[in-house]
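User: Please take a close look at one pocket and the residues around it. Set it in the context of the whole chain, and give the cut-offs behind each term.

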Amino acid sequence: VLMTMATYEDFTIDQGADLALQIELVNPDGSKKDLTGYFASAKMKKTYRSEESIDFTAVIPDPALEGVVTLSLTNLQTDTLSTRGRYVYDVEIAFVDEEGHTIIERILEGKIKVNPSVTR
């Protein structure tokens, strides 16, 4: 069994703007990861222990053979973000195996800084 760690990436979000991110997954041999049968999810929180979270819209677009996961937030979601401090986030993909067990893999994690908006 090949186990991989999530990639760590920090990035910045503009408060009050729409956000779209595309993640391209590849296998160790460089080929595109086939995400057929997978689903994706992603959240961000003020801290790891925070009760409140913001869910990204996480989609595996067709064709799933391309290994792409897209994440998005609306301008209404980013408008509610505090510009004080940073957020933490992670992205997971999952599938249900032949025995009915859900297998989860964290693919991306890190911190998010929010740039404040002047025009509101």
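Analyst: Buried residues make up 31% of the 120 residues in the protein chain. Buried stands for a relative accessible area under 20%, exposed for over 50%, and partly exposed for values in between, with a 1.4 Å probe and protein chains only. This is a predicted model, so local features need pLDDT of at least 70 and side-chain atom pairs pLDDT 80 or more, while totals for chains, interfaces and linings use all residues. Numbering runs from 1 along each chain as its sequence is written, and side-chain values use heavy atoms, without hydrogens or water.

Start with the frame. The chain has nine strands and one helix. Both are DSSP runs, numbered from the N terminus: helices are H or I with at least four residues, strands are E with at least two. The order along the sequence is β-β-β-β-β-β-β-α-β-β. Seven β entries precede the α in that pattern, and two follow it. The C-alpha trace spans about 50 × 30 × 25 Å along its principal axes. Consider contacts (heavy atoms within 4.5 Å). Of those with a separation of 6 or more, 66% join residues 24 or more positions apart.

Now the pocket. The second largest pocket holds about 170 Å³ of space. Its lining consists of S41, A42, K43, M44, K45, Y48, V88, Y89, D90 and E92. Two elements give two or more residues each to that lining: strand 4 (39-45) and strand 8 (86-96). Strand 4 gives the most, with five residues.

The term needs its cut-offs. On a 1 Å grid over the protein atoms alone, a pocket is an open set of points with protein on both sides within 12 Å along at least five of seven lines, and lining residues have an atom within 4 Å of a point. Points are joined across faces, edges and corners, and the volume is the space filled by probe spheres set on them.

T47 deserves a look here. It sits in the loop between strand 4 and strand 5 (54-55). With 41% relative accessibility, T47 is partly exposed. Its sequence distance to V88 is 41 residues, yet the two C-alpha atoms are 6.1 Å apart. V88 is one of the lining residues.

Next, the other side of strand 4 in sequence. K33 lies in the loop between strand 3 (19-24) and strand 4. A relative accessibility of 17% is why K33 counts as buried. Beyond its neighbours within four places in sequence, K33 contacts L25, V26, N27, Y38, A64, L65, E66, G67, I93 and E105.

A64 and L65 in that list lead to a loop with a notable bond. The peptide bond from D62 to P63 is cis, with omega near 0°. Most peptide bonds are trans. P63 belongs to the loop between strand 6 (57-59) and strand 7 (68-73).

Strand 6 contains T57. T57 is partly exposed, at 45% relative accessible area. Leaving out residues up to four places away in sequence, T57 touches T70, L71 and S72. From T57 to T74 the chain runs 17 residues, and their C-alpha atoms are 9.0 Å apart.

Strand 9 comes next. T102 is part of that strand. Its relative accessibility is 45%, so T102 counts as partly exposed. Apart from residues up to four places away, T102 is in touch with F39, A94, F95 and V96.

Finish with P116, in the segment after strand 9 (102-115). P116 is exposed, with 56% relative accessibility. Its partners include Q15 and T83, with residues up to four places away not counted. The C-alpha atoms of P116 and D34 lie 38 Å apart, across 82 residues of sequence.

Back to the pocket, in brief. Strand 4 and strand 8 each give two or more residues to its lining. Among the lining residues are K43 and K45, along with D90 and E92. T47 stands in the loop after strand 4 and before strand 5, with its C-alpha 6.1 Å from that of V88.

Definitions and conventions. 1 Å grid on protein atoms, 1.4 Å probe; cavity = no way out; pocket = protein on both sides within 12 Å on 5 of 7 lines; lining within 4 Å.
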